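Here is a short report on one chain. Look over the sequence and the model before reading on.

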Amino acid sequence: RSISDVFRIQVVSSVDVRSPITTVGSTAFFHHKHENIYLVAVAKLNVNAAIVFEFLYKVAEIGRSYFGKFDEAAVKANFTLIYELMDEICDFGFPQITEPEALKLYITTEGVKSEKAVLESGAKIAIQATGAVSWRRPDIKYRKNEAFIDVVESVNLLMSSKGNTLRADVAGQVMMRAYLSGMPECKFGLNDRVAVEGGEHLGRIVPPTMSSNAGKKGGSSTVDLDDAQFHQCVKLSNFEESRTITFIPPDGEFELMRYRSTNNVYLPFRVNAVVDEHADAMHVNYKVSVRSLFDSKVFGQNVVIKIPTPPNTNSTKIKVTGGKAKYVGSENAIVWKIARFQGGQEYVISAIAQTASTNSKKAWSRPPISMDFQVIMFTSSGLVVRFLKIFEKSNYQSVKWVRYLTKAGTYQIRF
């Protein structure tokens, strides 16, 4: 109780928490905020922080798998089940079974099973928990066998007022939803040849120059991915030999691969801003153009551009060539929304912000313009799925789907 009170006072009630690790005396609090709850691990020894946070993220994954949404309401409604789960996934401070599919074999919300059913399920648990494929049970059956792959990328940009790129990188995930019967082996190929370095589940991808431009208009054909991390189901020995990702997938949704790219990043949008500040006339003139750099067959969705205004702005005049824009006083910004942005198009906003007189001598800091967007069937890194093959001893037919999505991470343009 006293430890939880210390965490509540030092972290939850504090407004100046900048690190996910808070040390109070000889006690270290490792905390991760998920939805509207905190997941906290407490240590008094020098422990491996990466393992602790991996365990906390696994707890959140287990919560989503059991309750759909893992938040305060789910915790209050299922606290007895959560006690059972915690008893299984952690013993004396050491993580144990953290795969949701393995846990669901013997921690359920159903009624009491018969003695025979308990014995049969116990045998399955022993095989799954101690075998080579602890993340999947062998008796899964589906009427329709399907596999969905989503390549989701977040592109980050910081551009100077002179148009120079100060930072551009991509953080990507390859998510998979597998609804496949039996124990299928999947082979997954990307548009590069790779070399693996490092530990058991880590790989660094160093591909050569590609002949295709990955579906982009112009640009380099080189794909360079860094810091790739794979799900434990991936057989890295096969990966080193054949340069393909071979794995037996868990049932349902999981993250197959995570990666970063810092070279040859394809930017989906280019923003040019001309802002003239007239102190004597007490107004600021804006002319901002946004151009999409992807193919005309591709569309951006839910594009939002936030253009900062001085804090003492009292009125604005706005004119746009596409979408809708309005001044939002609570954000000190002009918010410009474009629901559908076709590739190769350009839209312009012209605005005048009238400012009120103020006694403050502090100059306006000019925060950067920020963007939020989603572009379907486009990747900023150039990553492309070449093939997905599924092999199973019953030789059933399967349906495979691949989708690409690029969204804004921290996309900022100074002016």
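Is Ala74 buried or exposed? The model is predicted, and in it Ala74 sits in helix H3, residues 72–77. Ala74 counts as buried because its relative accessibility is 9%, and buried means under 20%. Setting aside neighbours within four places in sequence, Ala74 contacts Phe67, Lys69 and Ile82. Arg64 is 10 residues away from Ala74 along the chain, with 9.5 Å between the two C-alpha atoms.

**Confidence**

The chain has a mean pLDDT of 83. Of its residues, 85% reach 70 or more. Two stretches should be handled with care. Over residues 110–120, pLDDT stays under 50, and the model has 2 contacts beyond four places in sequence for them. Over residues 193–222, pLDDT also stays under 50, but here the model has 67 such contacts. Where pLDDT is low, the predicted coordinates should not be read in detail.

**Helix H2**

Helix H2 covers residues 49–67, 19 residues in total. From first C-alpha to last, H2 reaches 27 Å, close to the 27 Å expected at 1.5 Å a residue. At its N-terminal end, Asn48 acts as the cap. A side-chain oxygen of Asn48 lies 3.0 Å from the backbone nitrogen of Ala50. Just after H2 comes Gly68, with a positive phi of about 85°. The buried residues of H2 include Val52, Phe53, Phe55 and Leu56. Lys58 is also among them, as are Tyr66 and Phe67.

**The three-stranded sheet**

Strands S1, S2 and S3 form an open sheet in the order S1-S2-S3, paired antiparallel. S1 (21–24) and S3 (37–43) are the edges; each has a single partner strand, so one side of each lacks a neighbour in the sheet. Neighbouring strands here are turned by 25° against each other on average, direction ignored. S1 is joined to S2 (residues 27–34) by 4 bridges. Within that pairing, Val24 has Thr27 in S2 as its bridge partner.

Two helices meet these strands. Helix H1, residues 2–12, lies across S1, S2 and S3 and runs at about 65° to S2. H2 packs on the sheet too, touching S1, S2 and S3, and its direction makes about 35° with that of S2.

**The four-stranded sheet**

A second topic is the open sheet with the order S13-S14-S19-S16, in which 4 strands pair antiparallel. Its edge strands are S13 (269–278) and S16 (313–320), each pairing on one side only. Neighbouring strands of this sheet are turned by 15° against each other on average, direction ignored.

**Strand S20**

In a regular strand the side chains alternate between the two faces of the sheet. Strand S20, residues 369–376, shows such alternation. Ile369, Met371, Phe373 and Val375 point to one face and are buried. Ser370, Asp372, Gln374 and Ile376 point to the other and are not buried.

S20 pairs with S15 and with S22, as tabulated here with the S16 pairing of the four-stranded sheet.

| Strand pair | Sense | Bridges | Partner residues |
|---|---|---|---|
| S15 (residues 299–308) and S20 | antiparallel | 5 bridges | Ile305 and Met371 |
| S20 and S22 (residues 399–413) | antiparallel | 6 bridges | Gln374 and Lys407 |
| S16 and S19 (residues 346–355) | antiparallel | 7 bridges | Thr316 and Ala353 |

The S20 residues in the table point to opposite faces: Met371 is on the buried one, Gln374 on the other.

Terms used
Residues numbered from 1 in each chain as written. Predicted model: local features only at pLDDT ≥ 70, side-chain atom pairs only at ≥ 80, totals over all residues. Heavy atoms only, no water. Expected span 1.5 Å × (residues − 1). Buried < 20%, exposed > 50% of the residue type's maximum accessible area, 1.4 Å probe, protein only. Polar contact = N/O pair within 3.5 Å; in protein donor to acceptor, adjacent residues only side chain to side chain. pLDDT = per-residue confidence, 0-100. Contact = heavy atoms within 4.5 Å. Pairing = 2+ DSSP bridges. Axes fitted to C-alpha atoms, helices over the stretch in contact; angles between N-to-C directions.
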